[in-house]
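Here is a short report on one protein model. Look at the sequence and the structure first, then read on.

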Amino acid sequence: MGLFDFFKKDKEAPEQRESLDKGLEKSKTSFFDQLSKAVVGKSTVDESVLDELETLLVHADVGIDTTVKVIDRIEKRVARDKYVSTSELDRILREEITELLQRPDSGSTAVLERPDRGATGTPFVIMVVGVNGVGKTTTIGKLAHRFHSAGKKVVLGAADTFRAAAVDQLIIWGQRVGVPVISHGMNTDPASVAYDAVQKGVEMQADVVIIDTAGRLHNKVNLMNELSKIKRVMQKVIPDAPHEVLLVLDGSTGQNAFLQAKEFTKATEVSALAITKLDGTAKGGVVIGISDQLNVPVRYIGVGEKMTDLQLFDRRTFVDSLFSKK
């Protein structure tokens, strides 16, 4: 087995893997170029190699705390095995990073796999949060496309009523995908929109209802109150809604994305992450740090502009792609 055949690929769709590889190209090119320079002339993983590796991980926006954790794990392996060659470093690093990434539960992805829910079931409700500009509405559109393409009935709720562009954009996505969008227009009550969207989902026996929300962090108290109100009114229709609170983050912003994630997890109970725009950054390591530090699973990643470039996140496939060489 070759060094970069460590993870099995039998379940991967070739076109999705190709898209993932291309989307992470900037991150892995930057990292491996620097890693190669760090180990040149070295035969074993010594203190100087670990120091260089620590610097590289920080520059890749893995984050200080997660970087320290990775280095500590590798140091323990080096001490245990007595001799670790630099040629083994890629494999060891992949193993340790994969273990750090949160194992996602089924969450909204289970909707893709389950049979038609039938007349007695209720929709799976996803409340999507995130600051403006991270690709939140686009992510919702791509999610709707994924569910719709799988034969699921989808309803969208345009509850980001503070920006006319957000409402209009979601309506356009609904038309493009072919799913209904519940909208009351701009400057209307977001909770009322969410209520009507969930109610519509129940009436049409939808499989999933996706609710867009406003992305404002300037006043955390107001944000918390608004999201709490949206939850309460949805629960009048479906008592356990929302079933997933999906936080959308822009991977290209690096540690700013981590700071946003911390603020949103204080404001509401985030249960899953979608990290976008990984194709536009050399700092894809932010996925690792955010997942590890927040103890929240990454559910989806965005690696391009196409509808299909919002991919289900698989930690082994992600790490395998990030550490592949061409």
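Is Asp160 buried or exposed? Asp160 is buried, because its relative accessible area is 2%, and the cut-off for buried is under 20%. Keep in mind that this is a predicted model.

**Salt bridges**

Asp160 has a charged partner. Its side chain meets that of Arg163 in a salt bridge, 3.4 Å from N to O. Arg163 is partly exposed, with a relative accessible area of 27%.

The count for the structure comes to 18 salt bridges. The table shows three of them.

| Pair | Closest N and O atoms |
|---|---|
| Arg17 and Asp320 | 3.3 Å |
| Arg91 and Glu95 | 3.0 Å |
| Arg163 and Asp160 | 3.4 Å |

Take Arg91 and Glu95. Both lie in helix 5, which covers residues 89-100. They are four residues apart, so about one helical turn separates them. An α-helix has 3.6 residues a turn, so residues three or four places apart point the same way. Arg91 is partly exposed, at 22% relative accessible area. Glu95 counts as buried, at 16%.

This pair also belongs to a network of salt bridges. Arg73, Arg77, Glu88, Arg91, Glu95 and Glu96 are linked in it.

Now take Arg17 and Asp320, whose closest N and O atoms are 3.3 Å apart. Arg17 lies in helix 1 (residues 14-23) and Asp320 in helix 13, so the salt bridge ties together parts that are 303 residues apart in sequence. Both residues are buried.

**Helix 13**

How many of the eight residues of helix 13 are buried? Seven are, so to speak, under cover: the helix, residues 315-322, is mostly covered. Its buried residues are Arg315, Thr317, Phe318, Val319, Asp320, Ser321 and Leu322. Asp320 is the partner of Arg17 in the salt bridge described above.

The N-terminal end of helix 13 has a cap. Asp314 provides it: a side-chain oxygen of Asp314 lies 3.2 Å from the backbone nitrogen of Arg316.

**Cavities**

The structure holds two cavities of 30 Å³ or more. The largest has a volume of about 90 Å³. Which residues line the largest cavity? They are Ser27, Phe31, Leu57, Ala60, Val62, Ile97, Ala282, Gly284, Gly285, Ile288, Leu322 and Phe323. Leu322 is also one of the buried residues of helix 13. By class, the lining has nine nonpolar and three polar residues, and no charged ones.

Notes: Residues numbered from 1 in each chain as written. Predicted model: local features only at pLDDT ≥ 70, side-chain atom pairs only at ≥ 80, totals over all residues. Heavy atoms only, no water. Buried < 20%, exposed > 50% of the residue type's maximum accessible area, 1.4 Å probe, protein only. Helix = DSSP H or I, 4+ residues; strand = E, 2+ residues; numbered from the N terminus. Polar contact = N/O pair within 3.5 Å; in protein donor to acceptor, adjacent residues only side chain to side chain. 1 Å grid on protein atoms, 1.4 Å probe; cavity = no way out; pocket = protein on both sides within 12 Å on 5 of 7 lines; lining within 4 Å. Points joined across faces, edges and corners; volume = space filled by probe spheres on them. Nonpolar A, V, L, I, M, F, W, Y, C, P; charged D, E, K, R; others polar. Salt bridge = Lys/Arg side-chain N within 4 Å of Asp/Glu carboxyl O.
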